[in-house]
Amino acid sequence: MAPTFILPLSQCTDLSLVGGKALGLHRLIEAEFPVPQGLCITTEAYTQHLHGSGFRDQEEWNRISGLSESDQVSALADCRVRINKLEISRLTTDCLIALQALGQPPETRWAVRSSATDEDTAHATSAGLCRTHLCLALTEVESAIKDLWASPWEVRVVSYLTRQGPGGTPRMAVVIQPLIDAQAAGVAYSIHPVTRQRSQVMINAVPGLAAPLVDGTVTPDQYVVEIPADGGKPVRIRTRLLAQKATCLLVSDAGLHRASIEGDAQSRSSLTDRQLLSLAHTAKDIERAFEQPVDIEWAFDANQLWILQARPITTIQPSADLTNDDCEWSRTNFKETLPELPSLLSLSFLEHFMDRYILAHYRRLGCRIPDGLTSVRILQGRPYLNVTLFHVLVAQLGGDPSFNAEQMGGEPLQAPPQVQRLGGLTSLRAAWLMLKEMRRVERMGPRVFADMKELAVTYRRESVLNLSPKELLSELDKLGPWLESREITFGIAGGVGQCLQIFSKLLPGWLGPDWRVLLNAALQGQGTVISAQQILRLAELTDIAKGEAPARTVLTSASWNPTTFRTTLAGTEFLRIFDKYLEDYGHRAVGESDVMSPRLADNPTAILSILRAQVISNTQPQDTVRLRQGNRQASALAEIKRRLGWRLDRWAIFLWCYRRLCRFFSLREANRHHLMYYSAAIRTLLIRLGERLVERGLLQQADDIFFLTTADQTDLVTGSTQDWTAVIAARRTDRERQATIQVPDTIHDWPAVNQQAMPREHFDGNCVLSGMPISIGTVTGPVCLIRSAADWSKVRSGEILVVPVIDPGLAPLFGLAGGLIAEMGGTLSHGAIIAREYGLPTIANVEAAMTRLSDGLPVTIDAGSGTIRIEPSPSLKKG
């Protein structure tokens with residue numbers, strides 16, 4: 001039978017005859033993917049032309065493989081010379097006739113590429129080992145064929161194939177196709193090469209031809225497109241990292257030329273969204289056709305997508321497990337109780353706390369947490385919560401994770417993962433353990449709270465003044481185990497979540513679509529939420545000051561000096577009650593979960609400024625506040641009972657769950673309140689430790705201690721010779737740098753996050769913003785932005801406070817505020833509970849509220865519908 005030297009790509013079915021690349025192109029054509037028509041110079045042509053000249057490829061390969069690398073260099077160079085001298089004019093003539101038969105225009109430029117028998121197979125790709133020639137005229141094809149035949153005879157090819165294991169010499173076929181005049185080209189992986197997730201297609205793209213990308217001489221645009229395996233979730237462009245592009249490689253009549261890219265085009269995406277989605281779908285279709293993950297080379301010309309190559313991915317094992325980079329992250333919850341930039345010490349403790357006191361409980365219930373998945377991640381000094389992980393945990397337990405965003409704050413997941421529920425027996429065991437834990441915290445709560453309050457007394461400053469650094473460190477070490485048996489956060493969260501899950505299933509059908517509004521109103525005025533009680537305590541102090549002439553005179557004086565209050569208010573009933581207030585609430589703070597944050601007792605003048613403003617503005621007496629809250633609660637409960645009608649069983653179920661929810665809400669805030677006593681004890685010990693280390697010349701100032709992790713502190717006290725002064729100075733500098741960078745509150749794709757400052761924009765005039773209703777009510781007033789405690793003194797009665805989050809430490813301001821707007825927050829956040837308890841109209845999750853609103857801008861908030869209308873009049877703006 002006559003040898004087969006030339007085959008159209010559609011007939012390239014034999015790997016040994018056409019090589020891996022041609023076989024892959026045949027499979028693409030057979031599956032009706034868009035492939036440029038072309039032909040293959042087979043391995044028979046290669047073998048017979050070599051053997052006809054006396055070159056025995058197998059014998060030469062075996063001989064050279066046994067040589068040292070230095071000897072291989074000269075031997076392989078001799079082989080390449082012999083191959084390039086081959087006489088192949090007849091083969092070239094037949095090839096040109098076959099190419100002309102393809103019907104391409106005479107000016108067509110051609111791509112000539114290798115297709116070795118060991119190339120692009122399931123065992124080894126040999127990617128990039130052999131050469132490619134682009135943009136050739138027909139007259140240049142002959143020399144290109146011989147050059148590709150010679151390309152396996154190089155040291156790097158011999159070394160690579162030797163490492164792959166024993167085997168014969170690779171035999172070279174050659175693929176010839178019309179060169180696509182690409183507007184954009186690149187590579188796509190049907191499986192993410194880093195995360196190993198089959199639902200993620202990674203695409204690298206450059207303008208023009210892909211040769212510079214394949215060669216590694218340019219940085220491509222990089223995209224990740226999410227294509228969920230179940231087909232029921234939307235496809236989305238998850239990552240878009242655009243490179244700066246100075247030049248591109250283009251096709252011209254004269255050959256290849258490098259063109260400059262000017263102006264805005266340098267940062268423009270190489271692909272449109274439509275092209276990205278089309279390419280991602282095509283990659284997954286090819287994966288299905290090949291029955292394994294693939295990487296493909298592709299190009300878009302002016303009209304369509306072309307597939308230039310497809311090869312199996314041989315080095316990546318798909319993973320079904322989530323990784324941190326697959327997850328979505330939010331500052332919610334952390335941003336509520338930590339400062340904008342928490343101390344390094346608090347960050348070092350945070351993940352330990354989450355794992356030990358939160359995730360450990362889920363593991364005990366039988367939940368599976370994928371290896372390597374964490375609950376906390378840090379970006380530019382800010383902690384983020386893994387909201388995908390908590391979606392998975394709630395779903396495993398059979399709960400509805402869609403309520404996570406509502407309860408904790410933040411945005412709903414864009415790409416919720418598929419989750420398998422726990423098995424029947426495991427679910428029953430988990431339910432029993434959870435009920436047991438909830439009963440435990442109800443029973444133990446009061447005793448735990450008393451222990452925590454007593455702990456703060458035990459570690460008063462005067463009690464620790466004489467302790468040495470090692471003794472202080474020893475006391476700090478004891479506080480971890482001390483908390484172990486008293487930590488009840490998880491059980492309380494379970495009790496709240498249980499009630500809200502029940503309500504979310506029952507109340508929409510029983511009460512109608514506004515069930516949340518009614519429930520929020522019914523939760524006002526309980527009088528049992530300790531954090532909200534401090535607002536009424538401040539109202540009581542205001543009433544005392546109004547009725548006590550000496551106190552009223554001092555507080556309303558135009559020459560008021562808050563730093564001398566102990567002298568000017570000495571002997572007054574107001575000061576006595578104020579000190580009692582500080583005794584009960586002075587351990588609280590803004591950003592209070594960070595031990596570095598100053599406590600209210602450290603700077604009582606901020607509270608006095610609020611009281612002064614309330615006295616001057618003649619705010620409502622506390623009895624009026626209590627009556628207002630009670631009326632709203634009673635009205636809401638009456639409306640709920642009316643809607644439930646004659647169904648007494650429903651009313652009984654509602655009351656049981658409602659009273660249980662109120663108890664756990666109260667426990668939740670009492671737990672936070674008393675945990676801050678625990679935090680105060682730690683803070684007292686740390687500050688004293690810092691002072692002691694300053695005395696020894698190991699630190700420059702006492703608060704340097706907050707720039708050390710717990711491990712650093714141990715090293716320092718036990719005699720480490722490291723230059724801790726320099727370490728802390730560098731950390732302070734880094735913190736100052738981080739303070740200049742604005743980060744997103746929600747991260748849907750961690751690797752793609754741009755860590756540069758986000759542009760700020762301001763809005764005025766007629767505009768409507770929206771968010772999540774937290775506490776119902778409608779109010780109009782001027783905006784007052786609150787970024788830190790330094791802004792407290794500027795608050796005036798009736799102003800609408802705008803805050804990043806509803807920090808529970810802001811509670812003292814609620815008595816002055818007319819309403820509250822927060823960039824983040826959920827119905828279950830601590831601050832939300834306090835605002836609702838106080839009856840302050842509140843809306844959370846208002847995107848970029850701190851930048852879209854400005855001091856003095858008049859707004860009307862409707863906290864029933866969750867809308868904020870910016871009024872047109874500028875007359876109320878502050879100077």
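An open sheet of 4 strands, in the order E15-E16-E14-E17 and with antiparallel pairing, is a good place to start looking at this structure. The model is a predicted one, and the chain averages a pLDDT of 87, with 92% of the residues scoring at least 70. Besides that sheet, there is an open sheet of 5 strands, and helix H17 takes part in two helix contacts described below, one with helix H25 and one with helix H14.

**The sheet of 4 strands**

- The edges of this sheet are strand E15 (376-379) and strand E17 (746-747), each of which pairs on one side only.
- Strand E14 (residues 329-330) joins E17 in the antiparallel sense, and 2 bridges link the pair.
- To find this pairing in the model, look for Ser330, which stands opposite Thr746 in E17.
- Helix H12 (residues 387-396) packs on the sheet, where it touches E14 and strand E16 (382-386). The direction of H12 makes about 25° with that of E16.

**The sheet of 5 strands**

- Here the strand order is E1-E2-E5-E3-E4, again with antiparallel pairing, and the sheet is open.
- Strand E1 (6-8) and strand E4 (132-136) form the edges, each pairing on one side only.
- On average, neighbouring strands of this sheet are turned by 25° against each other, direction ignored.
- E1 and E2 pair in the antiparallel sense over 3 bridges, and Ile6 stands opposite Ile41 in E2.
- Helix H1 (residues 15-30) packs on this sheet and touches E1, E2, strand E3 (110-116) and strand E5 (172-178). Its direction makes about 120° with that of E3.
- Helix H5 (residues 89-100) also packs on the sheet, touching E1, E2, E3 and E5. The direction of H5 makes about 170° with that of E2.

**Helix H17 and its partners**

- Two packed helices are described by the angle between their axes and the distance between the axes.
- The axes of H17 (residues 489-511) and H25 (residues 648-695) come within 9 Å and cross at roughly 150°. The two helices are therefore roughly antiparallel to each other.
- H17 passes H25 in a left-handed crossing, and the residues of this contact divide into 19 nonpolar, 5 polar and 3 charged.
- H14 (residues 424-458) packs against H17 at an angle of about 110°, with the axes 8 Å apart. That angle makes H14 roughly perpendicular to H17.
- The crossing of H14 past H17 is left-handed.
- On the H14 side, the contact is made by Met434, Leu435, Glu437, Met438 and Val441. On the H17 side, it is made by Phe490, Gly491, Ile492, Gly494, Gly495 and Gln498.
- By class, the contact of H14 with H17 has 6 nonpolar, 4 polar and 1 charged residues.

**Confidence along the chain**

- Among the elements of the chain, strand E2 (residues 39-41) has the highest mean pLDDT, at 96. The lowest, 71, belongs to helix H28 (residues 830-838).
- Over residues 121-128 the pLDDT stays under 50, and the model has 26 contacts beyond four places in sequence for them.
- Residues 754-766 are another stretch where pLDDT stays under 50, with 25 contacts beyond four places in sequence in the model.

Methods: Residues numbered from 1 in each chain as written. Predicted model: local features only at pLDDT ≥ 70, side-chain atom pairs only at ≥ 80, totals over all residues. Heavy atoms only, no water. Axes fitted to C-alpha atoms, helices over the stretch in contact; angles between N-to-C directions. Parallel < 35°, antiparallel > 145°, perpendicular 65-115°, else oblique. Left-handed = near helix turned anticlockwise from the far one by under 90°. Nonpolar A, V, L, I, M, F, W, Y, C, P; charged D, E, K, R; others polar. pLDDT = per-residue confidence, 0-100. Contact = heavy atoms within 4.5 Å. Pairing = 2+ DSSP bridges.
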